[in-house]
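Biologist: Thanks for sitting down with me over this one. Could you take me through the strands and helices, one question at a time?

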Amino acid sequence: MIYRESGDFSETYPADSQTFPIKFDRYRYYAVLVVAFLIIPFFINDYWANAILVPFLIYAIAAIGLNILVGYCGQVSLGTGGFMAVGAYACYKLMTAFPDISIVLHILISGGITAAVVTLFGLPSLRIKGFYLAVATLAAQFFLVWLFNRVAWFYNYSASGQINAPDRTVFGYLVTGPNTEAWAKYMICLVFLTFAGIIARNMTRGSLGRKWSAIRDMDIAAEIIGVNPLSAKLSAFAISGFFIGISGALFFSVYLGAVEVGEAFGIQKSFLVLFMIIIGGLGSIFGSFAGAAFMVLLPVLLKNILVGGLGWDTALAAHLEFIIVGALIIVFLIAEPHGLAQLWRIAKEKLRLWPFPH
Amino acid sequence: MFDQPESFVTADGRTIGGVMMEMKNITLRFGGVVAIKDISFDIREGEIRAIIGPNGAGKSSMLNVISGFYNPQDGEVWYKGERRPSMKPFEVARQGIARTFQNIALFEGMSVLDNVMTGRLNHMNAGIMSQAFWYGKAQREETENREVVERVLDFLEIQHIRKTPVSRLPYGLKKRVELARALAADPKLLLLDEPMAGMNVEEKEDMSRFILDVNDEFGTTIALIEHDMSVVMDISDRVVVMDYGKKIGDGTPTDVRSNQAVIDAYLGVAHD
Ligand SMILES: Nc1ncnc2c1ncn2[C@@H]1O[C@H](COP(=O)(O)OP(=O)(O)OP(=O)(O)O)[C@@H](O)[C@H]1O
Ligand SMILES: [Mg+2]
């Protein structure tokens, strides 16, 4: 038996409500942390950082944010791209206006500003649901991109209309700007993702998370047990916005360095993050990681195998990617709404019994 | 005999307190439909109050008025000696009124434990930072409220299914989980809309016993809607009878059973 929970009983309520009640899971979690923090930084190179690891880390933060809103609280949003743009532009304005203040603080404040903006766009959710809310957030998406394109103040009146991240350091090491080393980019994103994951997990297992899930599952019943739908929904929008804003700030300052809003934060981005949580698993923090990894890895794998290995045309490989993602979305939506996270859970259940299935 | 403002002792020796909730001349209309027509009645501290009547009589509508889902066009709701302004359901809940629904309203995506834990939400107020980092109050109140919930699960004999997703439970158990969620809130007044509908005899007996025990052990005042007359006669202290939105009877089970208007209303109406 590889995976076991027998003989592994929780004896206290705190032990029972911890994140990884099963020892084996806990050890694996520590192992992942050790590899991520102590091993990868020494082996990472530019290709791995830029093509896979850094985008994965940043998208995972965005996916956690969106999952809180959609997966936990049941409020649809198609505005993720625009909300990431808020984080990016807030970060840019802060970096240029207060060059002496730590970039870490700027990124956090950008998250806070995005939280406020997203909460504002969440107000209609008190009246409208489902499809109509999706349309309202879609409007937010287009409005925000238009705003950052139109109002020159946001890009400091630069001639190109782009924003560029100046050099900033943390503990003396460059983390933004073109001369940043791969490990430093990776590290700062990893730290933010680790905190995002822990905080999101804590919030979703406690009273806040139960309020959100109650609203998602049945808002009438949620009200009858004393949940104020206004504050429950808006808190989900705010916290979701906080994480999405941080991911947008990192995407601009650490990953891309230079951003043109329509290109970096267009509607495709909203769908990309939404696909991540659908494929990864709605209402699951682990699913947010899995979905982000999947959507980042898929095009890289296809490109390496089909274009690099079999000599396919690049455009053809890109089309195949669309087809695969589209098909998977349909499969997951119909057959497994809880995504990869659920498949993982089922696999674990099987393993737990293996080799004696009965 | 029910005009006394203060407590009294019933024929079977149960002590009933003063008026807790009073509905005064309630009228509720849905467009042209008058669901409740000028009804007044009260609910007293510590009693089990039944609301009966044929289908469509307006019983659920009455509970919905009490719990704040509907605002009556006319009439006043008095709670604990004060006139209640029009309130949202969550505000009513925070006054210590919990309920269950005729059609079960559980959170299907959550486990039994989480469903019942939601009943404690009004007793939990850890700040956002404490929740984010899971230290101090958030952790403490989770444990404290978990203990309360475990006692409720134990009381209703559903401890063994605490980790089961409610969507996998059979109907009878779902009803019990819904009662557990309402009980976990530690309500002063508990409203039950047909808690035994669709149950077999044995399940009904269990449920009756739970309702009596809740009333007995926690002193919870209970207002319930029920179609099964034998159950109503067995467990309730006083009964309100409704028909076509009007009140046609109010009194002890014995009074009501011998009331001609009530007998007429029930004649020819098929009930299971
Ligand atoms: N939301 C609503 N909109 C319109 N009409 C309603 C609404 N709720 C109830 N009614 C009407 O009010 C009347 C009373 O309904 P109610 O559900 O209160 O009856 P009930 O006594 O609970 O019946 P049952 O025993 O079938 O549950 C019915 O005619 C019903 O159609
Ligand atoms: Mg009814």
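Biologist: Let me start with chain B: over how many bridges do S3(B) and S4(B) pair?

Modeller: Happy to help, and please keep in mind that this is a predicted model. S3(B) and S4(B) form a hairpin with 2 residues between them. The two strands pair in the antiparallel sense, and the number of bridges is 8.

Biologist: Which residue in the turn of that hairpin has a positive phi?

Modeller: The turn belongs to the hairpin of S3(B) and S4(B). Its phi is about 55 degrees, and the residue is B:Gly31.

Biologist: In what order do the strands of the sheet with S3 and S4 of chain B run?

Modeller: This is an open sheet of 4 strands with antiparallel pairing. Its edges are strand S4 (33–44) and strand S7 (82–83) of chain B, each of which pairs on one side only. S3 (residues 19–30) and S6 (residues 74–79) of chain B pair over 5 bridges. The order is S4-S3-S6-S7.

Biologist: Which residue of S6(B) stands opposite B:Met23?

Modeller: B:Met23 has a bridge partner in S4(B), namely B:Phe41. Elsewhere along the pairing with S6(B), B:Thr27 stands opposite B:Asp74. Opposite B:Met23 in S6(B) is B:Val77.

Biologist: Which helix lies across S3, S4 and S6 of chain B?

Modeller: The helix in question covers residues 59–66 and runs at about 120 degrees to S3(B). That helix also lies across S5, S8, S9, S10 and S11 of chain B, at about 150 degrees to S9(B). Its name is H1(B).

Biologist: What are the edge strands of the 6-stranded sheet in chain B?

Modeller: That sheet is open, has mixed pairing and follows the order S8-S9-S10-S5-S11-S12. Its neighbouring strands are turned by 15 degrees against each other on average, direction ignored. The strands that pair on one side only are S8 and S12 (246–251).

Biologist: Which residue in S12(B) is the bridge partner of B:Met242?

Modeller: Strand S11 (residues 238–243) of chain B pairs with S12(B) in the antiparallel sense over 5 bridges. In S12(B), the partner of B:Met242 is B:Lys247.

Biologist: At about what angle does H7 of chain B run to S10(B)?

Modeller: H7(B) spans residues 201–218 and lies across S5, S9 and S10 of chain B. Its angle to S10(B) is about 155 degrees.

Biologist: How are the rings of B:Phe69 and B:Phe101 arranged: stacked, tilted or edge-to-face?

Modeller: Over all chains, the count comes to 19 aromatic pairs. The pair of B:Phe69 and B:Phe101 links distant parts of the chain, 32 residues apart. The ring centres are 6.0 Å apart and the planes stand at 65 degrees, so the arrangement is edge-to-face.

Biologist: Over to chain A: are H2(A) and H7(A) roughly parallel or roughly antiparallel?

Modeller: The axes of H2 (residues 23–43) and H7 (residues 182–205) of chain A come within 9 Å and cross at roughly 160 degrees. An angle over 145 degrees counts as roughly antiparallel. H2(A) and H7(A) are therefore roughly antiparallel.

Biologist: How many nonpolar residues does the contact of H2(A) with H7(A) have?

Modeller: The crossing is left-handed. Residues of H2(A) including A:Leu33 and A:Phe37 meet residues of H7(A) including A:Trp183 and A:Leu190. The contact has 1 polar residue and no charged ones, and the nonpolar number is 12.

Biologist: What is the handedness of the crossing of H4(A) and H10(A)?

Modeller: H4 (residues 80–97) and H10 (residues 229–256) of chain A pack at about 60 degrees, with their axes 7 Å apart. The two helices are therefore oblique to each other. Among the contact residues are A:Gly87 and A:Ala88 of H4(A) and A:Gly245 and A:Gly248 of H10(A). The crossing is right-handed.

Biologist: And how many charged residues are in the contact of H13(A) with H14(A)?

Modeller: The axes of H13 (residues 285–309) and H14 (residues 314–335) of chain A come within 10 Å and cross at roughly 140 degrees. That makes H13(A) oblique to H14(A), and their crossing is right-handed. The contact includes A:Leu298 of H13(A) and A:Glu321 of H14(A). By class there are 12 nonpolar residues and 1 polar one, and the charged number is 1.

Notes
Residues numbered from 1 in each chain as written. Chains lettered and ligands numbered in written order. Predicted model: local features only at pLDDT ≥ 70, side-chain atom pairs only at ≥ 80, totals over all residues. Heavy atoms only, no water. Pairing = 2+ DSSP bridges. Contact = heavy atoms within 4.5 Å. Axes fitted to C-alpha atoms, helices over the stretch in contact; angles between N-to-C directions. Parallel < 35°, antiparallel > 145°, perpendicular 65-115°, else oblique. Left-handed = near helix turned anticlockwise from the far one by under 90°. Phe/Tyr/Trp six-rings, centres within 6.5 Å; stacked < 30°, edge-to-face > 60°. Nonpolar A, V, L, I, M, F, W, Y, C, P; charged D, E, K, R; others polar.
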